[in-house]
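Q: I should like to learn how to read the interior of a protein model, feature by feature. Could we work through one example together?

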Amino acid sequence: MDEPIILTESQHPLRRSMLSWEALRVLTRLDEAGYKGYLCGGGVRDLLLGREPKDYDVATDAHPEEIKKLFKNCRIIGRRFKLAHIFFRDTIIETATFRALLDTPPPEAEEVPLPTRRNTDVPDPTFATRGGVIVRDNVYGTPEEDAKRRDFTINGLFYDIADGSIIDYVGGLKDLEHRVLRVIGDPATRYHEDPVRMVRAVRIASQLDFEIEHRAREQIMNMCGELQSASRERMYEEMLKIFNCGCAQKIFDRSWRKGLFQTIYPAFSAWLQTEAGKARGLPWVKKALKQFDVWKKAGLKPMPALQHALLFGPYMECLVSAMSEEGVPAFEATVQATADVLRDKTNLTQIPKAVVFDVERILGLQVQMRKSSGQSKYASRLRRRKGFDEALVYLKFASGLDASRKELLARWMALAD
Ligand code: ATP
Ligand code: MG
């Protein structure tokens with residue numbers, strides 16, 4: 001066991017009053033019931049940096065069923081590893097029991113027979129890695145183990161509600177001070193276990209304006225191909241986090257240089273490197289990401305469909321033009337291009353069907369807006385269509401890059417007033 005570095009309350013700037021009342025409520029109730037109540041993850045990191053956390057995560061030695069007894073607004077989730085979600089009106093506090101390290105078999109592994117029926121209270125001791133990739137991950141552990149199985153040192157700090165101390169098992173405090181994002185353990189091993197950590201590294205370092213430690217950075221370039229084995233649903237969620245984190249444009253630049261973006265969206269990226277892609281696609285994509293950053297700063301939350309429409313817009317429009325030249329009607333070509341681009345099997349993100357339909361609507365409405373003079377009954381019906389507001393935002397955005405749409409935009413804006 002390694003001795004942690006402990007900073008007492010007077011040695012660091014984090015105060016209880018900085019926490020949200022919901023996080024404070026969960027932590028104090030755990031503490032009062034005799035359990036450990038640690039704030040962990042991005043919450044501690046951000047508060048120490050003077051930033052407002054996106055969410056608060058709690059780690060405790062109370063087991064999920066014990067947590068449930070303390071909070072009536074609690075739901076246990078997860079199949080492999082059970083977590084407690086404690087619900088408040090505006091937020092959820094994710095409360096997890098300390099987890100063991102992957103390569104430490106639980107002490108009772110030999111003694112506890114595998115339940116014949118699924119018994120949710122008995123941690124399944126048969127967790128393992130398959131070729132080093134996590135397949136089961138569900139055994140409770142000590143605070144030290146819990147800290148060491150986290151991704152980056154700056155994400156492995158605990159704030160103990162009992163005495164206001166910061167507990168550091170992983171060297172996170174030093175890295176926070178030097179503004180370095182360092183993988184806990186060997187980067188290659190940790191990326192191999194869970195390749196999504198590479199994407200998280202680039203996002204979090206960009207958000208905080210931290211340097212990624214040399215080897216951790218180098219291995220991203222060597223290993224980004226391993227993202228092929230990541231869950232497509234998780235990757236979709238990660239991309240949404242990037243779109244909405246406030247520095248999407250910077251992350252695009254960094255991940256393009258590392259070849260990460262190209263791995264995630266190969267066909268789109270290949271197009272971005274063609275003549276048309278370079279001329280029309282790249283400036284468009286950069287502007288779209290900048291727009292996401294502006295929205296974030298203004299506290300706006302655009303629909304994922306609008307974001308996907310804007311990001312992939314020039315590529316989809318290019319495919320539509322090619323199909324139109326071959327005589328395919330514009331509307332049909334739009335439906336086809338949307339599916340070709342967003343459902344492309346080489347994409348590492350699984351874009352939900354509903355989002356694909358909404359993108360199709362936004363692009364389809366561009367065609368319909370062009371057809372309508374703006375005054376007819378048809379036009380007023382169009383304005384009431386689902387997705388019209390987003391379609392208008394798309395048109396506004398596109399006309400900033402393409403002067404030929406300005407007149408169309410003016411016509412529709414006049415109607416919208
Ligand atoms: P933010 O919420 O600002 O995006 P975060 O670091 O809090 O950043 P979360 O997704 O909220 O990210 O995760 C909470 C914590 O869980 C992390 O700080 C980290 O300690 C741990 N964690 C998250 N994802 C992983 C992972 N893939 N591998 C190991 N630990 C992880
Ligand atoms: Mg978080």
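**Reading the cavity, the cores and the backbone**

A: Let us begin with the lining of the largest cavity in this predicted model: its residues divide into 14 nonpolar, one polar and no charged.

Q: How many cavities of 30 Å³ or more does a search of the whole structure find, and what is the volume of the largest cavity?
A: The search finds one cavity of that size. Its volume is about 110 Å³.

Q: Which residues lie nearest the centre of the largest cavity, and which elements give two or more residues to its lining?
A: The lining comprises 15 residues, and those nearest the centre are Met-239, Ile-242, Ile-251, Ser-255 and Phe-261. Two or more lining residues come from each of helix H7 (196-208), helix H9 (232-243), helix H10 (248-257) and helix H11 (260-264). H10 gives the most, with four residues.

Q: Where does the largest cavity lie with respect to the domains?
A: One looks at which domains supply the lining. Domain 3 (188-260) and domain 4 (265-416) both give residues to the lining, so the largest cavity lies between them.

Q: How should one read the nonpolar cores, and which residues have the most contacts inside the largest one?
A: In soluble globular proteins, nonpolar side chains tend to be buried together. Here, 51% of the 417 residues count as buried. The largest nonpolar core has 111 residues, and Leu-19, Leu-227, Ile-264, Phe-268 and Trp-412 have the most contacts inside it. Helix H14 (residues 304-325) supplies the largest share of this core, 10 residues. A second, separate core has 10 residues, including Tyr-38, Ala-59, Phe-98 and Val-170.

Q: What does Leu-19 touch, leaving aside its neighbours within four places in sequence?
A: Leu-19 is in contact with Leu-14, Leu-24, Leu-27, Leu-39, Leu-47, Tyr-56 and Tyr-159.

Q: Is Phe-98, a member of the second core, buried or exposed?
A: The cut-off for buried is under 20% relative accessible area. Phe-98 has a relative accessible area of 1%, so this residue is buried. Phe-98 belongs to the loop between strand E6 (92-97) and strand E7 (129-130). Not counting residues up to four places away in sequence, Phe-98 touches a set of residues that includes Lys-36, Tyr-38, Ala-59, Asp-61, Val-139, Tyr-140 and Phe-158. Asp-61 is 37 residues from Phe-98 in sequence, yet their C-alpha atoms are 5.9 Å apart in space.

Q: Among contacts between residues at least 6 apart in sequence, what percentage join residues at least 24 apart?
A: Such pairs make up 67% of those contacts in the protein.

Q: Where is Gly-313 found, and which residues does it contact beyond its neighbours within four places in sequence?
A: Gly-313 is found in helix H14. It is buried, with a relative accessible area of 0%. Beyond those neighbours, Gly-313 is in contact with Trp-284, His-308 and Tyr-394. Gly-313 and Ala-398 are 85 residues apart in sequence, with a C-alpha to C-alpha distance of 8.8 Å.

Q: What is the phi value of Arg-179, and what is that of Asp-209?
A: One notes a positive phi in a residue other than glycine. Phi is near 55° for Arg-179 and near 65° for Asp-209. Arg-179 is in the loop between helix H5 (172-178) and strand E11 (180-181), whereas Asp-209 lies in the loop between H7 and strand E12 (211-212). With 39% relative accessibility, Arg-179 counts as partly exposed.

Conventions:
Residues numbered from 1 in each chain as written. Chains lettered and ligands numbered in written order. Predicted model: local features only at pLDDT ≥ 70, side-chain atom pairs only at ≥ 80, totals over all residues. Heavy atoms only, no water. 1 Å grid on protein atoms, 1.4 Å probe; cavity = no way out; pocket = protein on both sides within 12 Å on 5 of 7 lines; lining within 4 Å. Points joined across faces, edges and corners; volume = space filled by probe spheres on them. Nonpolar A, V, L, I, M, F, W, Y, C, P; charged D, E, K, R; others polar. Domains from an automatic or database assignment. Buried < 20%, exposed > 50% of the residue type's maximum accessible area, 1.4 Å probe, protein only. Contact = heavy atoms within 4.5 Å. Core = buried A, V, L, I, M, F, W, Y, C linked by side-chain atoms within 4.5 Å.
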